[in-house]
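User: Please take a close look at one part of this model. I want to know how a single side chain sits in its surroundings, and what the wider setting looks like.

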Amino acid sequence: MSIVTFALTIGLALAAGLLSRRGSKSDIDDYLVGGRSFGPILVFILGAGEAYSIGTLIGFPGGVYAHGSSYGVWFIAYILLAYAVGYFFTPYLWRAGKLYGAMTLPDVAGRHFRSRGLELTVAISSVIFLIPWGQLQLAGLQVALSGLGISIDPTVAVFAGAGLALVFLLLSGLRAPAFVSYVKDAALLLGAVLIGMAAIAKSGGTEMLFGAAHAAGAGKDTHFTVTGSSLTFVLTTIVFQSVGFFIFPFVVQAVLASKSEATLKRVARFNPLYMLMYVFLVAAAFAAISQVPGKLEGAKSNEALLILSRIVLPDWVTGIVAGGAALCAIVVLCGSALGIGSIVSRNIVPGIPESRQKGWVRGVIVAYLAISLILTMAAPQLLLTLVNTAYYGVTQAAVIFAAMVFGWKVRPVGLATGLIVGDLLVLWLYLDSHGPISSWLAQSGINIGAAALVVNALLVVISRMVWPATDPVPGLRQVMPGRRSPVQARPIGENAL
């Protein structure tokens, strides 16, 4: 029965993808950012679709199961804080996109500062740190179907997942994952709520649920307490990742797809409602500590919620959960592929006219999905070891965005240098995890991405003091919506890196 409901869920998603073609146009603006026409509901659904990946059903419960409350506090708090940050700053990002006809973050940065060098620096950085994201989704898809007992060969599953992502993107670009997210979010929310409620009912209530988890060993470690360096790490990570949340290329495109700044602010007021499902996921994660037979170690802890669902839910509901998990991976895979395709075609490869960019984007998407498939099957751990650096690296561009908003008198070369140093520092600290600086940061509980961001910002401040821009561009706060920006009339390259 689970296979039937799983197939029905995927079938509904495919129908939603086909429906997305209605009203779509052939131009690149519509393909990449939906013609900047998405209303509040579609922006809300698309934003949530890109933000809540397969990690919601796998990584979050598995992290709480293995590491306790500190993991849960971090995961929930950084998203909630990110929504607050987004309420104030995404309207400026949308404003810049509208003013400059931008469809990617490198578009925005390069055109605002009139610098091809800065555009290229942001583009290359974004692509490098986003590449592992595709393999993560496909690997998560394998874990989800295996843990839920869906009898589909893992190789067939990842090829089918990549194939569906390709079909959706070929249909209508950004519109397809937006429409598919209606089905994905319904299955995700239904699965999370039902698993949590069933776990509570089977335990005899929340008090008995947490009591059983305590008796099973949860209270003997850090499952209920966050102190010392762990607290420092949680706090620095929450702040750091909340800053970078809306810098991710696929989230940027969701923001640029909005039809107005007012739409973004209206959506931001309701975004936290999505977090209500985490109440049920937390309950399920602690229930798994006492109800899942045997102690799951290492990567196996990611299957905790999935195994629990097979214990507490009927087969037909497990099929819906499996469908929601699969669509989580596919929708975020779509966002990653479209983001990389857009950046390569518009910002890295020079001189491609807009009339040909759509074909280039599709070609890059096919290549990216193929590479992700090969790495998932042949070398599953090769890029997964670098997944954690995605947030570390992408968030370094937040300094550039801050300079745009506040109109700092800084040269593009200073911003590009800060970004490059921040990215290289992150990679060095991550790969040299036992080095003296990495060890000190680990003992202090300081997130290495946050440390690199501070160095990045200091370099920009120093460059502003030593070599300030003689002809600074106005900040986005000073450019009123609907009014022509004074930097639009000046060609890119005049203040080039």
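Analyst: What follows starts from F168 and then turns to the core and the surface. The model is predicted.

F168 lies in helix 8, which spans residues 154–172. Is this residue buried or exposed? F168 has a relative accessible area of 1%. That is under the 20% cut-off, so F168 counts as buried.

What does F168 touch, beyond residues up to four places away in sequence? Its contacts are A13, L14, G17, G173, A176, V180, I330 and C334. I58 is another matter of spacing: its C-alpha atom is separated from that of F168 by 24 Å. Along the chain, the two are 110 residues apart.

Now the core. The largest nonpolar core has 160 residues. Y52, F248, Y278, L308 and I400 touch the most other members. Helix 16, residues 315–348, supplies the largest share of this core, with 18 residues. Take F248 from that group. Leaving aside neighbours within four places in sequence, F248 is in contact with L130, W133, A390, Y391 and V394.

The surface gives a contrasting case. V466 sits in helix 22, residues 448–466. Its relative accessible area is 66%. That is over the 50% cut-off, so V466 is exposed. V466 also belongs to a nonpolar surface patch. The other members are V454, L458, V461, I462, M465 and W467. Together, the patch residues have about 750 Å² of accessible area.

To recap the two residues: F168 is buried, whereas V466 is exposed.

Conventions:
Residues numbered from 1 in each chain as written. Predicted model: local features only at pLDDT ≥ 70, side-chain atom pairs only at ≥ 80, totals over all residues. Heavy atoms only, no water. Helix = DSSP H or I, 4+ residues; strand = E, 2+ residues; numbered from the N terminus. Buried < 20%, exposed > 50% of the residue type's maximum accessible area, 1.4 Å probe, protein only. Contact = heavy atoms within 4.5 Å. Patch = residues over 30% accessible without salt bridge, like charges linked within 9 Å, V, L, I, M, F, W, Y side chains within 5 Å. Areas by Shrake-Rupley, 256 points an atom, 1.4 Å probe, with all protein chains shown as cover. Salt bridge = Lys/Arg side-chain N within 4 Å of Asp/Glu carboxyl O. Core = buried A, V, L, I, M, F, W, Y, C linked by side-chain atoms within 4.5 Å.
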